[in-house]
Structure formats: C-alpha cells, structure tokens
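Open the model in your viewer and keep the selection tool at hand. The tour goes stop by stop, with something to select at each one.

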Amino acid sequence: MENAIKDLKSLFEEAQAANEFEFILTLINFKGMASIEDTLHEWFEAIEMYKRLYTEFKGKEKTRMACLLYSTFFENSDFYNVLGSLCNITLGYRGSSYFFWKTRKQDRLLGTGEKISFVVEILNDCGKQHIIQFFNDNHHATIRNTFFHAAYSLNEDAYNLHDSDPIRIEGVGRYYFDVNTFLYPLVDNVVKLFDAFRSLYRDSFASYKDDKIIKGFFPFLRDIEVNGGEDGLNGLL
C-alpha cells in the first residue's frame, strides 16, 4: 500500500508540473460554464461516514458496513476521471471530466470493472504499476455484486455467496470467505488509498493561497489568472 500511495502522490505532482492549467481544470472538474457540482465531494463525505460506522459496529453490522464502504469506494466515476485525467496531463494530453464513461455505451453506463480496465491502461502508460497492483489485489466485483443485489448471507465470520460466480482467492474459486482474514483487510487497504487520494486532492486545492498567472489553452494559448485565497483555489479568471 505504501508504494501505491507514493505512486498516487507522484501522479499529482507530475501532472501539476506538466500542465498546471489542465491540472487545475481537473481539480475543479470543469465541464463548461454552466456545469453543476460534481459527485466527488459527496463521495468524500459518504466514505467518511461509512468509515466511522465501520469502526463503531461489531459482528454482522460491521460486515455489512464494510461491504457498503468497499463497494461505494469503487463506484464513483469522478474518482476514475481524476486518475485518468492526471495520467493524460502527465503524458502531454488534456484532462477530461467526462473521460470514458460519462456517456452511454450500448444503452447502459459502464460498470466498475470496465472503468478500472480503462484507467489501468493509462496508469500503465504513466508507469504507475503500484496503483495498478492495488486494483488487481483489492477489487473483487463479486463482493460488490452480491452485496448490492442482496445475494449473500452471513454466518458467524463467513460471507456466503448466492446466485453468483465464485470469488477467486489465491487462485481457488470459493463460494464463501472469512470476513476477518479476507474482507476486513481489503477494506483497510481501500481506506488507506481513499485517505491518501482525498488528502492529495484537498492539499492541491489548499496550496493556491495567492493569485498567480499561468499559461493555458482557453481556447487558444493565453495568460490565465488563478484566483487563490485563504481557503485555497477559488477558480480561474
């Protein structure tokens, strides 16, 4: 996990150094002059609430909250938008608040596994292998699918799958797993990456204490004023 967090920190730093204007547009999730607020901050608040309840609850209640926290972490599209945009910027391209999945594909929105597959491709181009390893080691679609579709049961420390493909643990397909030795460590890893991502995102915002002039294509190359203040980044002028 430590290496994944180091990769995440370097991704923010490299994107800001490569193109600060595009980096700021990614931070504010710019969708156009009439855009509405994104889902990222709601995700921050929701995960914080789930974290608190996860630590307070015991037994089956703790397991249910662990599944909710775990599943919600992997669902938010703006999380992947930021990761993908930072990669694009680092590689010399432009970021996008729509990235791959904000439009419909075959009359449906892309699923979590598809989002991860897309972002892993560009993370690989940026050499962020430890973030890729985080997804490989910690994302199990079966947990999300059985929990959200109520296709599971709890028996003492066991999470049992119903109407589902088996979950592969150490190369073996299983229809149950122990929550203490398998689920809770996954949730703890998710919390660590979430905390690091949120801190890096918020610290980037907070770093803009003063106004400054940068270059950016808006739509042509021009001077752009970054409006900073006591509370950090306020926007662009």
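Is Lys-209 buried, partly exposed or exposed? Bear in mind at each stop that this is a predicted model. Select Lys-209 in the loop between H9 and S6. Its relative accessible area is 43%, and a residue counts as buried under 20% and as exposed over 50%, so Lys-209 is partly exposed.

Keep Lys-209 selected and show its surroundings. Leaving aside residues up to four places away in sequence, Lys-209 touches Gly-228, Gly-229, Glu-230 and Gly-232. Now add Asn-234: from C-alpha to C-alpha, Lys-209 and Asn-234 are 9.4 Å apart in space, while 25 residues separate them in sequence.

**The hairpin**

Select residues 212-217, strand S6, together with residues 221-227, strand S7. The two strands pair in the antiparallel sense, over six bridges. Three residues make up the hairpin connection from S6 to S7. For one facing pair, pick Lys-215, which stands opposite Asp-223 in S7.

**The three-stranded sheet**

Next, select strands S1, S2 and S5. They form an open sheet in the order S1-S2-S5, with antiparallel pairing. Strand S1 (152-155) and strand S5 (176-178) are at the edges with a single partner strand each, so one side of each has no neighbour in the sheet. On average, neighbouring strands of this sheet are turned by 20° against each other, direction ignored.

Zoom in on S2, residues 158-161, which pairs with S5 in the antiparallel sense over three bridges. Here Asn-160 stands opposite Tyr-176 in S5.

Two helices can now be added to the view. Helix H8 (residues 141-148) lies across S1, S2 and S5 and runs at about 80° to S2. Helix H9 (residues 179-206) lies across S2 and S5, and its angle to S5 is about 85°.

**Helix H4**

Move to residues 59-75, which are helix H4. This helix of 17 residues reaches 25 Å from its first C-alpha to its last, close to the 24 Å expected at 1.5 Å a residue. Colour its buried residues: among them are Met-65, Ala-66, Cys-67, Leu-69 and Tyr-70.

Lys-62 is also one of the buried residues of H4. Which rings does its charged end sit over? One is the ring of Tyr-54, whose centre is 3.9 Å from the charged end of Lys-62. Another is the ring of Tyr-184, with a distance of 5.3 Å to its centre.

**Aromatic pairs**

How many aromatic pairs does a search of the whole structure find? The search finds 28. Two of these pairs make the last stops.

Select Phe-73 and Phe-74. Their ring centres are 4.9 Å apart and their planes stand at 85°, and planes over 60 degrees apart count as edge-to-face, so this pair is edge-to-face. Both Phe-73 and Phe-74 are buried.

Then go to Tyr-201 and Phe-205 in helix H9, four residues apart, about one turn of the helix. In an α-helix there are 3.6 residues a turn, so residues three or four places apart point the same way. The ring centres of Tyr-201 and Phe-205 lie 5.6 Å apart with the planes at 50°, so this pair is tilted. Tyr-201 is buried, as is Phe-205.

Terms used. Residues are numbered from 1 along each chain as its sequence is written. This is a predicted model: local features need pLDDT of at least 70, side-chain atom pairs count only at pLDDT 80 or more; totals for chains, interfaces and linings use all residues. Side-chain values use heavy atoms; hydrogens and water are left out. Two strands pair if DSSP finds at least two bridges between them. Axes are lines fitted to C-alpha atoms, for helices over the stretch in contact, and angles run from 0 to 180 degrees between N-to-C directions. Contact means heavy atoms within 4.5 Å. The expected span of a helix is 1.5 Å times one less than its number of residues. Buried means under 20% relative accessible area, exposed over 50%, partly exposed in between (1.4 Å probe, protein chains only). Rings of Phe, Tyr and Trp (its six-membered ring) pair if their centres lie within 6.5 Å; planes under 30 degrees apart count as stacked, over 60 as edge-to-face and the rest as tilted. A charge sits over a ring if NZ of Lys or CZ of Arg is within 6 Å of the ring centre and within 35 degrees of the ring normal.
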